[in-house]
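Please look over the sequence and the model below before reading on. The paragraphs after them are meant to be followed with both in view.

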Amino acid sequence: MKIFLDTANMDEIRAGSRLGVISGVTTNPSLIAREGRDFIEVVREIASIVEGPVSAEAVRKDAAGIVDEAVELARIHPGVVVKIPVTGPGLEAVSELTRRGVRTNVTLVFSANQALLAALAGATYVSPFIGRIDDTGADGMRVLEETLEIFERYRFGTEVIAASIRHPLHVTQAALLGSHIATVPFGVLMQMLGHPLTDNGIAKFDADWAKVTKG
Ligand code: E4P
């Protein structure tokens with residue numbers, strides 16, 4: 001399973017990239033707004049740092065408008081993938097963009113049926129929002145599991161991005177289910193890396209090594 005970073009923060013993207021474990025970045029209008037910078041500039045800068053797909057979201061609501069916006073976004077950098085919410089006009093736009101060779105990430109997916117429709121429209125990626133499904137009292141992982149099973153059974157080429165990841169267990173569960181990708185906030189990436197026993201182990205080895213080197 002590949003890991004994408006779910007952020008528009010340049011420090012986090014640089015730090016994540018240096019680890020060599022990040023294969024792409026996803027953004028959304030809320031993440032971009034948090035940075036208080038020009039959208040196009042942010043997307044261009046992310047694409048210059050990260051080798052791999054960078055999702056940038058289209059905000060127009062009509063199919064023709066989404067297509068125009070997507071074509072503009074895709075021109076920013078060859079790595080740009082256009083994120084499109086799973087609505088009627090959104091799917092219409094995805095079908096047209098697929099015909100034109102523009103890569104898409106169908107977002108705000110909350111059910112396996114929405115994911116199925118996105119795949120049929122030719123989406124490159126589909127993003128079930130695990131954490132937000134859990135927030136409603138339903139089981140986000142079950143939606144991911146159903147989506148993966150359907151895609152596998154019908155051999156869809158669409159890749160599944162486990163999104164709205166809230167904690168490291170979500171990442172482990174997504175990996176065990178065979179998700180192609182999980183997009184994680186920087187904080188979750190750090191939680192995945194850290195373990196108190198690793199810190200304690202290093203401290204103990206350092207203390208013992210200091211005894212050897214003193215003698
Ligand atoms: C995915 O691409 C979205 O940007 C993101 O995962 C949304 O997560 P949230 O529910 O934590 O806002």
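The text that follows goes from the whole chain to its nonpolar cores and then to two loop residues.

This is a predicted model, and its secondary structure consists of 11 helices and 8 strands. Taken along the principal axes, the box filled by the C-alpha atoms is roughly 75 × 35 × 30 Å. Of the 215 residues in the protein, 44% are buried, while the surface that the protein exposes comes to about 10900 Å², with carbon and sulfur atoms supplying 55% of that area. When contacts between residues at least 6 apart in sequence are considered, 58% of them join residues at least 24 apart. As for charge, the protein carries 21 positive and 26 negative side chains, and the centres of these two sets lie 3 Å apart.

The interior can be followed next. In soluble globular proteins, nonpolar side chains tend to be buried together. Here the largest nonpolar core has 55 residues, and those touching the most other members are Ile46, Leu97, Leu144 and Val184. The element that gives the most to this core is helix α4, spanning residues 63–76, which contributes 6 residues. Apart from this core lies another one, of 5 residues, among them Phe4, Val81, Ile161 and Ile181.

Val184 is a useful residue to select in the viewer. Leaving out residues up to four places away in sequence, Val184 touches Ile3, Phe4, Leu5 and Asp6, and also Ile165, Val171 and Leu189. Phe4, one of these partners of Val184, is itself among the members of the core of 5 residues.

Two loop residues deserve a separate look for their backbone angles. Most residues other than glycine have a negative phi, and most peptide bonds are trans. Arg155, however, has a phi near 50 degrees, a positive value in a residue other than glycine, and Ser164 likewise has a positive value, with phi near 55 degrees. Arg155 is found in the loop between α8 (140–153) and β7 (159–162), whereas Ser164 is placed in the loop between β7 and α9 (168–177).

Which of the two terms, buried or exposed, applies to Arg155, and which applies to Ser164? Arg155 counts as exposed because its relative accessible area is 72%, and the cut-off for that term is over 50%. Ser164 counts as buried because its relative accessible area is 11%, and the cut-off for that term is under 20%.

Conventions: Residues are numbered from 1 along each chain as its sequence is written. This is a predicted model: local features need pLDDT of at least 70, side-chain atom pairs count only at pLDDT 80 or more; totals for chains, interfaces and linings use all residues. Side-chain values use heavy atoms; hydrogens and water are left out. Helices (H or I, at least four residues) and strands (E, at least two) are DSSP runs, numbered from the N terminus. Buried means under 20% relative accessible area, exposed over 50%, partly exposed in between (1.4 Å probe, protein chains only). Contact means heavy atoms within 4.5 Å. Accessible areas come from the Shrake-Rupley method with a 1.4 Å probe; for residues, only the protein chains shown count as cover. Lys and Arg count as positive and Asp and Glu as negative; His and the chain ends are not counted. The place of a charge is taken as NZ of Lys, CZ of Arg, CG of Asp or CD of Glu. A nonpolar core is a set of buried Ala, Val, Leu, Ile, Met, Phe, Trp, Tyr and Cys residues joined through side-chain atoms within 4.5 Å.
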